[in-house]
There are 2 protein chains.
Amino acid sequence: MRSTISMVDRTVKNSYPVRMARPRSFDEKQVLNAVRDQFWDAGYAATSLEDLMRVSGLGKGSLYAAFGDKRQLFLRALRSYTDDSHGHLRKALAEAPRALDALRMLLEAPVDDPTGAGTRRGCLLANSTCELGNADPEVLAHAHRTYETSTALIADCVARAQGEGDLAGADPIALARALLAAQQGILFMGRTGLDTATLTATARSLAAQLLPDHSGD
Amino acid sequence: MRSTISMVDRTVKNSYPVRMARPRSFDEKQVLNAVRDQFWDAGYAATSLEDLMRVSGLGKGSLYAAFGDKRQLFLRALRSYTDDSHGHLRKALAEAPRALDALRMLLEAPVDDPTGAGTRRGCLLANSTCELGNADPEVLAHAHRTYETSTALIADCVARAQGEGDLAGADPIALARALLAAQQGILFMGRTGLDTATLTATARSLAAQLLPDHSGD
DNA sequence: GGAGTTCTTGACCGTGCGGTCCACCATAAG
DNA sequence: CTTATGGTGGACCGCACGGTCAAGAACTCC
């Protein structure tokens, strides 16, 4: 039963009110990035609302009005992160002139940071899966979906490499899974404080064994 | 400057008082195991003292008197866990008649659990490193030390395999690092909800590429 | 049994948490 | 200008957290 409605139906996302009022004083994407970095550094549980207010520069009221509670804000930041990551992955896999090199870069990418600072942070999605995967089915499902997509992207690149004469005889999806697992393993070893040189050597060693180059044969 | 001391010096760990009084009503190892499982399932921050009291059956006072605060109790449980793990690793690597098979088992071990329940929990040390590595230097240092020890144990097994005619030409330590990274990667993929069959296939695929068997050549 | 010591229990405490609310502000439309 | 509307910031709330403490129970030694 509906009564006469004088208000705009705001249940539809991004619908604008009939009359504009005070506009937002912040950029949503900037806030999400700041919040993402905070969760990335400290984890979900160890990040307090005060932390989020500090890094975003917003008050509690604004944060809650714009994003809902802490968990929803976290999920928004996490989705934003994985979207960006997949964008980068797509670009990296597509841009390399030789697909085999792109796949190699996959394994060495986690160590790219010369300072090692980024290496210590790991991957936000991986960290979140570890911390919340058991307790939050939504985070787990998101992780599962995301890694399946990554696998598909990598498998496409493997297929391209095969079109270029490399990796003959491999099952693209199986190899993609092995590469993704290896990448996550390298990423993790970086978090344990392994020095950059050793990490790089390990990444190259894995790349050499999983992605043999027979062009010189 | 010391005054006359009538009390026993309890700063030395495990020193017993001169006069026995009321004995403990709990077994320390059992409590540590219960506490470890709780931290394992929920993570450090998400585990409350109430949880710890519930799973251990002890009151707050007893817990604090026996182990100190929450963090120290966690560190005790973590050390106990890694000690046990290294015990199992030593045994597994030594018992296999063929060293190459032992190394293969390393990669498949994370998927051994038929129910998949254990697979979802991952490894307590890995979880803890992800959650606390950035914030707690002691946890990070412990993780680093532990994985270095694991690397050494695996490298020994690689050397044994070479003595048995396998893995000719590989650098034991480098291969050990690659194997450990791959294992952690598989372990992590299991946490993302990947089904057991796919996980097993990935583990076998990695094992086949990192640990080739040329005995039939 | 009494004395001395340790362990246990649970009430208690201060703090910081996540979350709500409301008075005020900035803007757009009339 | 006035008015309506949504944004903002901070006061405020109840709660659960980690941690403390004191009193009593359980035990050994004399």
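Visitor: Which element gives the most to the surface near DNA strand D?

Guide: Keep in mind that this is a predicted model. Around DNA strand D there are 25 residues, and the closest include Ala21(A), Ser25(A) and Tyr64(B). With three residues, the element that gives the most to that surface is α3(B).

Visitor: What share of the atoms of DNA strand D that come within 4 Å of the protein is sugar and phosphate?

Guide: Start with who sits around the strand: Leu49(B) and Lys60(B) are also among the closest of the 25 residues. On the DNA side, the share of those atoms that belongs to sugar and phosphate is 61%.

Visitor: Which residue has a polar side-chain atom 2.6 Å from a phosphate oxygen of DNA strand D?

Guide: Let's go through some phosphate contacts. Thr47(B) uses a polar backbone atom, 3.3 Å from a phosphate oxygen of the strand. Lys70(B) brings a side-chain N or O atom to 2.9 Å from a phosphate oxygen. The side chain with a polar atom at 2.6 Å belongs to Tyr64(B).

Visitor: Which element of chain A gives two or more residues to the surface near DNA strand D?

Guide: Chain B puts in α2 (49–56) and α3 (60–67) at that level. From chain A, the element is α3 (60–67).

Visitor: How many residues of that surface near DNA strand D are polar?

Guide: Split the surface by residue type. Nine are nonpolar and nine are charged. The polar ones number seven.

Visitor: What kind of axis relates chain B to chain A?

Guide: In general, two copies of a chain are related by a rotation about an axis and a shift along it. Here a rotation of 180° with 0.0 Å of shift superposes chain B on chain A, at an RMSD of 0.0 Å. That is the relation of a two-fold axis.

Visitor: In chain B, which residue has the C-alpha nearest the axis?

Guide: The copies meet through the same surface, because 97% of the interface residues of chain B are also interface residues in chain A. As for the axis, the nearest C-alpha in chain B is 1.9 Å from it, and that atom belongs to Gly185(B).

Visitor: Is Gln184(B) buried or exposed?

Guide: Gln184(B) sits in helix α9 (residues 172–191) of chain B. Leaving aside neighbours within four places in sequence, Gln184(B) contacts Gly185(A), Phe188(A) and Met189(A), along with Ala126(B) and Tyr147(B). The cut-off for buried is under 20% relative accessible area. Gln184(B) has 6%, so this glutamine is buried.

Visitor: And what about Gln38(A), buried or exposed?

Guide: Gln38(A) belongs to helix α1 (residues 28–42) of chain A. Not counting residues up to four places away, Gln38(A) touches several others, among them Thr47(A), Asp51(A) and Arg54(A). Its relative accessible area is 13%, so Gln38(A) counts as buried.

Visitor: How many residues are in the largest nonpolar core?

Guide: Leu103(A) and Leu103(B) have the most contacts inside that core. Leaving aside neighbours within four places in sequence, Leu103(A) is in contact with residues including Ile154(A), Val158(A), Leu167(A) and Leu211(A). The residue count for the core is 124.

Visitor: Of the contacts in chain A between residues at least 6 apart in sequence, what share joins residues at least 24 apart?

Guide: Chain A has ten helices and zero strands. Of its 217 residues, 47% count as buried. For the contacts you ask about, the share joining residues at least 24 apart is 70%.

Conventions: Residues numbered from 1 in each chain as written. Chains lettered and ligands numbered in written order. Predicted model: local features only at pLDDT ≥ 70, side-chain atom pairs only at ≥ 80, totals over all residues. Heavy atoms only, no water. Near = heavy atom within 4 Å. Polar contact = N/O pair within 3.5 Å; in protein donor to acceptor, adjacent residues only side chain to side chain. Helix = DSSP H or I, 4+ residues; strand = E, 2+ residues; numbered from the N terminus. Nonpolar A, V, L, I, M, F, W, Y, C, P; charged D, E, K, R; others polar. Core = buried A, V, L, I, M, F, W, Y, C linked by side-chain atoms within 4.5 Å. Buried < 20%, exposed > 50% of the residue type's maximum accessible area, 1.4 Å probe, protein only. Contact = heavy atoms within 4.5 Å. Least-squares fit on C-alpha atoms with pLDDT ≥ 70 in both.
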